[in-house]
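This report walks through one chain, from its overall dimensions to a few loops and strands. Please keep the sequence and the structure in view while reading.

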Amino acid sequence: MKHIISACFFLFSLSMFSQSVSVTVDKTVTLKELFKQIESQTDFKFAFTDQIDTNQKYFTQKNTYSNIEIKKLINEFNKNSLIQFSIVGNNIFVKQKTAKTSKKKNKLNGKVLDNNNQAVIGANVYIKEIETGVTTDNNGLFSMEVDRGTYTVVISYVGFKNRERQITVTDDVTVNFNIEDDSQQLDQVIVTGTKAVDVKNTQMSVNKLTMEEIKRIPAAMGEPDPLKSILTLPGVTNAGEASSGFNVRGGAADQNLILLDGAPVYGDSHMFGFFSIFNADVVNSLDLYKGGIPSKFGGRVSSVLDVNQQTGDFENYKVNGGIGLISSRLMVQGPIQKDKGSFIIAGRTSYAHLFLKLADNNNSALFYDLNAKLNYRLGANNTIAFSGYFGNDVFDISDRFGSTFGNKMAILSWKHTFSDRINSNLSAYYSDYNFNLNIPTENFEWDNTIKTYGLKYNWNHSLTEKFKLNYGIDGQYYNFNPGTVQPTSSDSQFNYKQLDKKYAFESSVYLDFEHQITEKLNLRYGLRYSMFLRLGNENVNTYEEGKAVVYNPLYNIYEEGTPTGSISYGSGKTISKFDNLEPRAALSFAFNENTSVKASYNRMAQYIHMLSNTQSPLPMNIWTPSGPFAKPQLLDQYAVGFFKNFRDKDYSFEGELFYKKIQNRIDYIDGASILANNDIEQVILSGKARSYGMELLFRKNTGNFTGWVAYTLSRAEQKTPGRTAEEPGIANGNWYLSGYDKLHNLNIVGSYLYSPKWSFNANFSLQSGQPVTYANSYYEFGGINIPNFSLRNENRLPLYHHLDLAATYTPKPDKKKGWQSYWVFSLYNIYNRKNAASMTFATNDDTGVNETRRLSIFGIVPGVSYNFKF
């Protein structure tokens, strides 16, 4: 009888376990709703303790189980829920998981690669079921902690097709993703993609432009220009048309750190500002940090422009290029060893000077540059890379004036992955900027250079999914040659003269933490310690009371001081030493998936200065280190912002308020002479600067029509008070407009895909005229009219604005192999606005009447280029 009862119970249990159900669970299903689904289809009843709240939602991902046996269903629940299920008889018991029974988190690691098998930086990796995502780092890597289960992973990046893939996680897993280019016109027009705001990321005050966006912005001469394109972003201006340098949030051009593949470059333009040094064909990404700057960056107080070149294709050889009206370019890339090594080489040259020669014009202006990058994978965890740049300009005006200037840069790096949590990048680099001036009529030549040798070691350490640590060290040695003057013939009136060379060493160490406190609150905080040594071999002047500039109360002017002696410092001896702590902090608070507020603070130190008393940097400008008469510039910047995505991220909005103040900003006495001045301390005074304002950016991210509207309302001022109560300082010691103040700055950029063959692009720019100093009266002396000038920068040039249009024509848009080509037709400044580069005041020789003369660089400028690849 006993055995019969046991057999019956066994058969009853089998029948109970073999019952099948169909159940759907997701993040919205409560435990009570789950009970109803199962109890309505089976004979099972649920039992639970008071610790279990049946109105809570215990499931973290969506799953549908069709006609599954109850025992298998319970096993699946135990893998993917936050509570423990167990079957006893016809009851299902539910209890909280203990530490012993709770699931171990698994790591989902991977890398995102493009068509050329090169890392995609900043790609979005999103898991649908748990509505969580991350972005790839500078090596294209990502890492997430997830429970065991099956997930839908979506990879997205602007200009590429979304990649969706099912991944089953039962343990730590590594999966690589390749995403395909989604450009329909040779990377020129992008049909889909998103530039939606990452509302949870703590990084603010940063603008990113892809090369696809840059190529769509019309530019003078019809050439895509990465540096000119950032002028369409909020908070960024320059001194006007055909001017080099750029100004960020009221800062000077020398306050921008420009990095090419991690190495600094000092000259940013060709042909005195007509072209930038960055070849759009070879540039992969461009990030402009205006505030909230991470601790790994230092050495400048205004911004960081981080430009990265493409990695060559590891599988196939490719060629692309373009032929324009005054310049052409060509790029070749391919494997050195398939799947292991690759190269990319790109070159540009201009040929406008050839047309001048044909017209019997002896003037000449040309430039050329060369970019190269080599990559080699030593294994799964090691990659070495070499990047190089060489560019030069040649400028001649008949036999009266000639100059050459340019950059050289090389960087060798080793990337090593220790584990899925730790990777590093060790780099050594060299950078050189040189300017040569030759005046045949005076029979002399002048050279100046700045050379930098650097080494840096950066580490990225993912302690947990929610806590990441970045740290590193770097050091760089400077060699400044402010000028060598030498005669070019025996009858020259100039003698050989070497201005005092200057040497310095700058080093730093940093820590940077990324910390997710909650699902809504994220922090990023860090500290950078920097040290700067001004080194000999050099003789340093001494002055009475230590004042290299003296005030003359009789004429109410500042004059050059007279040295009382000098101190000789031998090679390598320390002349001056400075060090600074540079804290950084940023936070973001997300109200929901589409809305957040962010705030940031950063302090930065700048130890080198560019000597220039013009608004737009010229190629001959001289760099000099901090020392006895020029202290380092120190910045404190605060920013807050509101960020929002609309209509499923079709539209996005960014709004920021910022305030920045700078100590030890140098300015120049009236009539200062900088060129070939061996005692530059005799013409500079120390003051301070500040800027504050509001930036707005509204974007349309998807559809046939895309673009953005950027507006900035800001003020930039300087103050150089007198050193004593008797001295007036500059502008009577009051705040005065800096040369980089632009009260209003508006940019509207639009792109419209009319058909697969035709697309149209437009850019409208409007900004306040730059501050200048006009003569507000004159007096007559000896029959000559002598102008009397207003206070410094008390006046402005006229309002600056222009509208540019471009059309792109692709004859065979469906052709994906072989020779592919497209045409770009452009009109810069379509309504022929004569924007003033400067205003001068003179007396008309015929009438004797005083008059104002406007100098304009551009009127309407047509452009056409033919572009190809195969």
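A residue is called buried when its relative accessible area is under 20%, exposed when that area is over 50%, and partly exposed in between. Everything below concerns a predicted model.

**Two residues in one loop**

With these cut-offs in hand, the loop between β42 (633-646) and β43 (651-668) can be examined, for Arg-647 has its place there, and Asp-648 lies in that loop as well. Asp-648 has a relative accessible area of 74% and is exposed, because the class begins over 50%. Arg-647, at 62% relative accessibility, likewise counts as exposed. The backbone deserves attention too, since Arg-647 takes a positive phi of about 45 degrees although it is not a glycine, and Asp-648, also not a glycine, has a positive phi of about 60 degrees. The values for the two residues are set out in the table.

| Residue | Phi | Relative accessible area |
|---|---|---|
| Arg-647 | about 45 degrees | 62% |
| Asp-648 | about 60 degrees | 74% |

**The chain as a whole**

The chain comprises 870 residues, of which 53% are buried. Its secondary structure consists of 6 helices and 57 strands. Taken along the principal axes, the C-alpha atoms fill a box of roughly 135 × 65 × 50 Å.

**One helix with a buried side**

Helix α2 spans residues 31-39, and its buried residues are Leu-31, Leu-34, Phe-35 and Ile-38. These four cover an arc of only 100 degrees around the axis, which means that they lie on the same side of α2.

**Two open sheets and a hairpin**

One open sheet has 3 strands in the order β9-β6-β12, and its pairing is mixed. The strands at its edges are β9 (141-146) and β12 (173-178), each of which pairs on one side only. On average, and with direction ignored, neighbouring strands of this sheet are turned by 25 degrees against each other. Within the sheet, strand β6 (residues 106-113) runs antiparallel to β9 and is joined to it by 6 bridges; Leu-108, for instance, has Met-144 in β9 as its bridge partner.

Another open sheet has 5 strands, again with mixed pairing, in the order β13-β20-β21-β16-β17. Here the edge strands are β13 (206-210) and β17 (263-264), and each of them pairs on one side only. Strand β16 (residues 256-260) pairs with strand β21 (residues 303-309) in the parallel sense, over 5 bridges, and the bridge partner of Asn-256 in β21 is Ser-303.

A hairpin is formed by strand β7 and strand β8. Residues 124-127 make up β7 and residues 132-135 make up β8, and the two pair in the antiparallel sense over 4 bridges. The bridge partner of Val-125 in β8 is Val-134. Between the two strands of this hairpin there are 4 residues, and Glu-131 takes a positive phi near 50 degrees.

**A residue in a strand and its separation from Gln-516**

Ile-384 lies in strand β26, which covers residues 382-397. With a relative accessible area of 35%, Ile-384 is partly exposed. Gln-516 is 132 residues apart from Ile-384 along the chain, and the C-alpha atoms of the two are separated by 32 Å.

**Enclosed space**

Rolling a probe the size of a water molecule over the atoms shows where empty space is left. How many cavities of 30 Å³ or more does the model contain? The count comes to 18. The largest cavity holds about 400 Å³ of space, and its lining is made up of 31 residues, of which Lys-228, Leu-231, Tyr-800, His-802 and Tyr-828 lie nearest its centre. The elements that give two or more residues to this lining are α5 (226-229), β14 (236-237), β47 (744-753), β48 (758-767) and β53 (800-809). Which of the elements provides the largest share of the lining of the largest cavity? That share, 4 residues, comes from β48. Sorted by class, the lining of the largest cavity has 14 nonpolar, 12 polar and 5 charged residues.

Conventions. Residues numbered from 1 in each chain as written. Predicted model: local features only at pLDDT ≥ 70, side-chain atom pairs only at ≥ 80, totals over all residues. Heavy atoms only, no water. Pairing = 2+ DSSP bridges. Axes fitted to C-alpha atoms, helices over the stretch in contact; angles between N-to-C directions. 1 Å grid on protein atoms, 1.4 Å probe; cavity = no way out; pocket = protein on both sides within 12 Å on 5 of 7 lines; lining within 4 Å. Points joined across faces, edges and corners; volume = space filled by probe spheres on them. Nonpolar A, V, L, I, M, F, W, Y, C, P; charged D, E, K, R; others polar. Buried < 20%, exposed > 50% of the residue type's maximum accessible area, 1.4 Å probe, protein only. Arc of directions from axis to C-beta.
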